[in-house]
Amino acid sequence: MARVTLRVLDGADRGRAFENLPTPVTVGREDGNTVQLNDERVSRFHLKIQEDAGRLVLTDLQSTNGTKINGESVQIWVLRPGDVIQVGRSMLLFGSRDEIARRLAGLRHAELGSGIPLDVEDAGPDTSSVLLDDELRSFGDAETRARLHTLLPPELPDDLSPAQAAQLAELLLYLQLRLRQVISAARVQQKSDKITLEAHPWQGILDLQDRLAAYLRSVGEPNTDE
């Protein structure tokens with residue numbers, strides 16, 4: 001079973017650490033949460049972290065003020081060591097010291113080598129112990145945060161049923177075709193590095209953004225049957 005470690009970086013509970021918590025983990029201001037925060041802007045039951053298919057998934061439980069991961073509003077998210085969760089006025093760092101250090105080692109391997117992140121298991125305990133204190137002392141450093149929080153292309157889900165695979169393929173094709181329409185409508189200005197786009201294709205981008213936001217809200221709805 002996966003374990004969850006959260007450290008409060010900012011807020012009324014700053015400095016508190018919740019280590020090696022078994023899943024599922026709930027965060028909120030009410031008694032009965034695994035992690036109870038003294039923050040009036042945090043909902044009674046704000047979010048849940050659960051294990052699914054070998055990943056730790058955060059779900060916002062329709063909180064009043066929402067949840068941000070690395071500065072972006074989310075409703076559902078696959079957590080990775082080093083992610084910063086913001087709820088209300090509180091900021092929580094996800095992952096143990098070893099997990100964050102190993103992930104940083106893997107990202108550096110990708111930057112310096114083949115471009116493929118080093119598997120955290122391959123990084124080994126020696127790597128993490130060497131990086132541990134230096135990396136976490138420098139967590140406030142912009143370069144370290146940028147490395148951890150750079151948005152990378154997500155992996156496709158495994159073990160989809162034929163119907164689910166077809167739905168996913170249809171969604172990706174829809175996005176590809178809409179983006180292709182916008183790209184084909186763009187015009188490069190001669191002797192300039194500027195690109196112009198007329199109002200109609202620009203409106204298409206705005207419509208696509210709204211549709212994607214609706215998709216995100218839909219998939220992020222908590223399953224009330226659980």
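Two strands pair if DSSP finds at least two bridges between them. Helices (H or I, at least four residues) and strands (E, at least two) are DSSP runs, numbered from the N terminus. The model is predicted, so local features need pLDDT of at least 70 and side-chain atom pairs count only at pLDDT 80 or more, while totals for chains, interfaces and linings use all residues. Residues are numbered from 1 along each chain as its sequence is written, and side-chain values use heavy atoms, with hydrogens and water left out.

**Exercise 1. Find the partners of β1.**
Task: Work out which strands β1 is joined to, and name a residue pair for each.

Solution:
- Step 1. Start with β2 (residues 17-22): 4 bridges join this strand to β1 (residues 3-10), and the two run antiparallel. Here V4 stands opposite L21.
- Step 2. Look at the turn. The hairpin of β1 and β2 has 6 residues between the strands, and G11 takes a positive phi near 115 degrees there.
- Step 3. Now turn to β11 (residues 90-94), which is also antiparallel to β1 and joined to it by 4 bridges. D10 has M91 of β11 as its bridge partner.

**Exercise 2. Lay out the open sheet.**
Task: Give the strand order of the 5-stranded open sheet and identify its edges.

Solution:
- Step 1. The order is β4-β3-β5-β6-β9, with mixed pairing.
- Step 2. β4 (35-36) and β9 (76-78) are the edge strands, since each pairs on one side only.
- Step 3. Check one pair: β3 and β4 run parallel and are joined by 2 bridges. V27 is the bridge partner of V35 in β4.

**Exercise 3. Inspect the backbone in the loops.**
Task: Describe the peptide bond from T23 to P24, then the phi values of A53 and N70.

Solution:
- Step 1. The bond from T23 to P24 is cis, with omega near 0 degrees. P24 is found in the loop between β2 and β3 (25-28).
- Step 2. A53 is not a glycine, yet its phi is positive, about 55 degrees. A53 sits in the loop between β5 (47-52) and β6 (55-60). Its relative accessible area is 68%, so A53 is exposed (over 50%; buried is under 20% and partly exposed in between, with a 1.4 Å probe and protein chains only).
- Step 3. N70, another residue other than glycine, has a positive phi near 55 degrees. N70 belongs to the loop between β7 (67-69) and β8 (72-74), and counts as partly exposed at 23% relative accessibility.

**Exercise 4. Read the two sides of α5.**
Task: Which residues of α5 are buried, and where do they lie around the axis?

Solution:
- Step 1. Helix α5 (residues 199-219) has 21 residues and reaches 30 Å from its first C-alpha to its last, close to the 30 Å expected at 1.5 Å a residue. That expected span is 1.5 Å times one less than the number of residues.
- Step 2. The buried residues are P201, G204 and L208. They cover an arc of only 40 degrees around the axis, which puts them on the same side of α5. The arc is that of the directions from the helix axis to the C-beta atoms.
- Step 3. The face turned away from the buried side of α5 carries the exposed residues A199 and Q209. Among what covers the buried residues is α4 (162-185).

**Exercise 5. Decide where to be cautious.**
Task: Which elements have the lowest and highest confidence in the chain?

Solution:
- Step 1. The chain averages a pLDDT (the predictor's confidence in each residue, from 0 to 100) of 83.
- Step 2. Confidence is lowest in α2 (residues 120-137), at a mean of 46, and highest in β3, at 98.
- Step 3. Where pLDDT is low, the predicted coordinates should not be read in detail.

Note on methods
Contact means heavy atoms within 4.5 Å.
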